[in-house]
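Got the viewer open? Let's walk through a few selections and see what turns up at each stop.

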Amino acid sequence: MREASRVPIFALACALMTTSCATTQSPDDAAVCSAYSATRSHVEVVADGTLTRILGTQPGRVSPHEGFLLSLGSGCKLVVRVEANTDFTGQIPLSRGQHVLVKGEYEYYPLGGVIHWTHRDPRGRHQGGYIDAGGRIYD
């Protein structure tokens with residue numbers, strides 16, 4: 001009897017672990033457009049679009065970051081910069097014209113803004129993000 005009571009708990013734990021790591025959220029480009037129009041920063045967003053330019057990897061304040069420009073897929077015709085901390089994501093194989101989905105924190109600036117925190121936070125102080133490119137999730 002005791003053994004049988006563990007099975008549902010084990011099954012539930014396995015299901016939660018699998019679904020939480022393997023799924024992405026639906027994009028809401030309108031949230032990015034709204035934040036840009038209102039000059040708001042520190043906005044958690046999920047956006048998708050077409051990669052228009054690869055900026056390469058540059059040294060950051062703490063660690064290197066790989067950047068690219070993303071033309072949003074819907075809503076306003078905004079181009080945002082996306083930054084990924086390569087200490088977490090590793091190098092992401094990207095190509096111009098590729099469809100990319102990103103989750104992170106939007107920061108306003110007049111040229112379109114930036115989406116950063118596109119990775120997990122090992123200290124658990126910030127909501128984790130990711131980049132979904134080429135059928136793989138980088139976080």
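How many aromatic pairs does the count come to? Just one aromatic pair, and keep in mind as you look that this is a predicted model. Select Tyr-36 and Tyr-108: their ring centres sit 5.5 Å apart with the planes at 40°, so this pair is tilted. Tyr-36 belongs to helix H2 (residues 29–37), while Tyr-108 is in the loop between strand S4 (99–107) and strand S5 (114–116), so the pair ties together parts 72 residues apart in sequence. Show the surface here: Tyr-36 is partly exposed at 25% relative accessible area, and Tyr-108 is partly exposed too, at 27%.

Next stop, the inside. Select Val-32, Phe-68, Val-80, Val-100, Val-102, Tyr-106 and Ile-131, which touch the most other members of the largest nonpolar core, a set of 23 residues. Colour by element and you'll find two or more core residues coming from each of H2, strand S1 (43–58), strand S2 (65–72), strand S3 (79–85), S4 and strand S6 (130–133). S1 gives the most, with four residues.

Now centre on Phe-68. Beyond its neighbours within four places in sequence, Phe-68 is in contact with residues including Leu-51, Ile-54, Leu-94, Val-100 and Ile-131. Arg-53 and Arg-81 are among its contacts as well.

Last, jump to His-119, in the loop between S5 and S6. Is His-119 buried or exposed? Buried, with a relative accessible area of 7%. Setting aside neighbours within four places in sequence, show what His-119 contacts: Asn-85, Phe-88, Thr-89, Gly-128, Gly-129, Tyr-130 and Asp-139.

Notes. Residues numbered from 1 in each chain as written. Predicted model: local features only at pLDDT ≥ 70, side-chain atom pairs only at ≥ 80, totals over all residues. Heavy atoms only, no water. Phe/Tyr/Trp six-rings, centres within 6.5 Å; stacked < 30°, edge-to-face > 60°. Buried < 20%, exposed > 50% of the residue type's maximum accessible area, 1.4 Å probe, protein only. Core = buried A, V, L, I, M, F, W, Y, C linked by side-chain atoms within 4.5 Å. Contact = heavy atoms within 4.5 Å.
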